[in-house]
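Reader: Hi! I've just opened this one and would love a friendly tour. Could you walk me through it?

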Amino acid sequence: MPDFSARSVLPEIMDDLECRGEVVDQTLRELEFINAWLGGNDVTVSGVKKMVKGISSSRTITLVDLGCGGGDMLRILYHWAKRNGVTLRLIGIDANPHIIDFARNNIKDIPEIEFYTMDIFSEEFRQQKFDIVTGTLFYHHFTQQQLSSFFHQLKSQARIGIVINDIHRHPLAYYSIRILTQLFSKSSMVKYDAPLSVLRAFSRAEVKSILAAAAIEKFSLRWRWAFRWQVLIPLKEG
């Protein structure tokens, strides 16, 4: 039986930046479906909605989605912004160039969305400035020390705020996604990585500890279906 008392340190297949080919493409297609079907996308969208509340519609807001995968969250945010009169410049960043190639092709119907291959721990990334930073099912790939250092750094890069949408480590979440992926997934990567993602995810206390170590005092932390944490960190203009 898995140990749910602490985060797993086992690597996911997706962590290999050389991953490429049909197994990755199938994985990204399935992750898009899983996020839509379980309702997890709204955790990010509702967070962005709160961040932009009260900001003039004439202002262009630069939003970067870290670990953007196939770009499906950026597509959702693009259409949400169009419906609600919000002007967004949308940027997707992923460290795997093969995933960025997939995203560019996947979202080729919306050429306004920009995609870049970049390591979030690189000097190149540290030089970037954004208004809002989002990350959906992304941060569980890193250690708590890495995350605390990174969020501390983001405070000087993001003008409006940070929206975190990640997994609550819980036995029900683990066994549910394990059963569902074994029954319905055609991707060996999804079958392996999805349950492991839950084991690498966070308790409420761990989220608070990470933010405290990053010297972040002002934030909201909410549990959302299905087993997601929504963390909103307003910054200077929030």
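**Pockets, cores and odd corners**

Author: Happy to! Let's begin with the second largest pocket, which holds about 180 Å³ of space. Keep in mind that this is a predicted model.

Reader: Thanks! Which residues line the second largest pocket?

Author: The lining is made of Glu 30, Phe 33, Ile 34, Trp 37, Leu 38, Ile 177, Leu 180, Thr 181, Phe 184, Ser 185 and Val 190. Two elements, α1 (22–38) and α7 (171–184), give two or more residues to that lining.

Reader: And which element gives the most to the lining of the second largest pocket?

Author: That is α1, with five residues.

Reader: How many of the lining residues are nonpolar, polar or charged?

Author: Eight are nonpolar, two are polar and one is charged.

Reader: Okay, what about closed spaces? How many cavities of 30 Å³ or more are there?

Author: The count comes to one cavity of 30 Å³ or more. About 110 Å³ of space lies in the largest cavity.

Reader: What lines the largest cavity?

Author: Its lining consists of Tyr 139, Leu 147, Phe 151, Ile 164, Asp 166, Phe 202, Val 207, Ile 210, Leu 211, Trp 229 and Val 231. By class, 10 of these are nonpolar, none is polar and one is charged.

Reader: Where do those lining residues come from?

Author: At least two residues each are supplied by α6, β5, α9 and β7. The largest share, three residues, is from α9.

Reader: Let's switch to the largest nonpolar core. Which of its residues touch the most other members?

Author: The core has 30 residues, and Leu 66, Phe 125, Val 133, Tyr 139 and Phe 151 touch the most other members. The elements giving two or more residues to this core are β1 (60–66), β2 (87–94), β4 (130–136), α6 (144–154), β5 (158–167), α9 (204–213) and β7 (228–234). The largest share, four residues, is from α6.

Reader: Phe 151 has come up twice now. What does Phe 151 touch?

Author: Leaving out residues up to four places away in sequence, Phe 151 touches Tyr 139, Ile 164, Ile 210, Leu 211, Ala 214 and Ile 216. Apart from the largest core lies another core, with 26 residues, among them Met 51, Val 52, Ile 61 and Leu 90.

Reader: Good to know. How many aromatic pairs are there in the whole structure?

Author: A search finds 14 aromatic pairs. One of them joins Phe 138 and Phe 142, which sit edge-to-face at 5.1 Å centre to centre, with 75° between the planes. Phe 138 and Phe 142 are both buried.

Reader: And why is the pair of Tyr 174 and Tyr 175 edge-to-face?

Author: Their ring centres are 4.9 Å apart and their planes are at 80°, so the pair is edge-to-face; the cut-off for that class is an angle over 60 degrees. Tyr 174 is buried, with a relative accessible area of 8%, whereas Tyr 175 is partly exposed at 31%.

Reader: Which residues do ring pairs link into a cluster?

Author: Ring pairs link Phe 121, Phe 125, Phe 130, Phe 138, Tyr 139, Phe 142, Phe 150 and Phe 151.

Reader: New topic: the backbone. Where is there a cis peptide bond?

Author: Trp 225 and Ala 226 are joined by one, with omega about -5°. Ala 226 lies in the loop between β6 (220–224) and β7. Most residues other than glycine have a negative phi, and most peptide bonds are trans.

Reader: So which residue in the loop between β6 and β7 has a positive phi?

Author: Phe 227, found in that loop, has a positive phi of about 55° although it is not a glycine. Phe 227 is buried, with a relative accessible area of 12%. Another positive value belongs to Ala 215, whose phi is near 60°. Ala 215 is in the loop between α9 and β6.

Reader: Is Ala 215 buried or exposed, or partly exposed?

Author: At 45% relative accessibility, Ala 215 counts as partly exposed.

Reader: Last one! What is Ile 233 in contact with?

Author: Ile 233 is in strand β7 and counts as buried, at 1% relative accessibility. Setting aside neighbours within four places in sequence, Ile 233 is in contact with Met 51, Ile 160, Gly 161, Ile 162, Ile 164, Leu 211, Ile 216, Lys 218 and Phe 219.

Definitions and conventions: Residues are numbered from 1 along each chain as its sequence is written. This is a predicted model: local features need pLDDT of at least 70, side-chain atom pairs count only at pLDDT 80 or more; totals for chains, interfaces and linings use all residues. Side-chain values use heavy atoms; hydrogens and water are left out. A nonpolar core is a set of buried Ala, Val, Leu, Ile, Met, Phe, Trp, Tyr and Cys residues joined through side-chain atoms within 4.5 Å. Buried means under 20% relative accessible area, exposed over 50%, partly exposed in between (1.4 Å probe, protein chains only). Contact means heavy atoms within 4.5 Å. On a 1 Å grid over the protein atoms alone, a cavity is a set of points where a 1.4 Å probe fits but cannot get out, and a pocket is an open set with protein on both sides within 12 Å along at least five of seven lines; lining residues have an atom within 4 Å of a point. Grid points are joined across faces, edges and corners, and a volume is the space filled by probe spheres set on the points. Ala, Val, Leu, Ile, Met, Phe, Trp, Tyr, Cys and Pro count as nonpolar, Asp, Glu, Lys and Arg as charged, and the others, Gly among them, as polar. Rings of Phe, Tyr and Trp (its six-membered ring) pair if their centres lie within 6.5 Å; planes under 30 degrees apart count as stacked, over 60 as edge-to-face and the rest as tilted.
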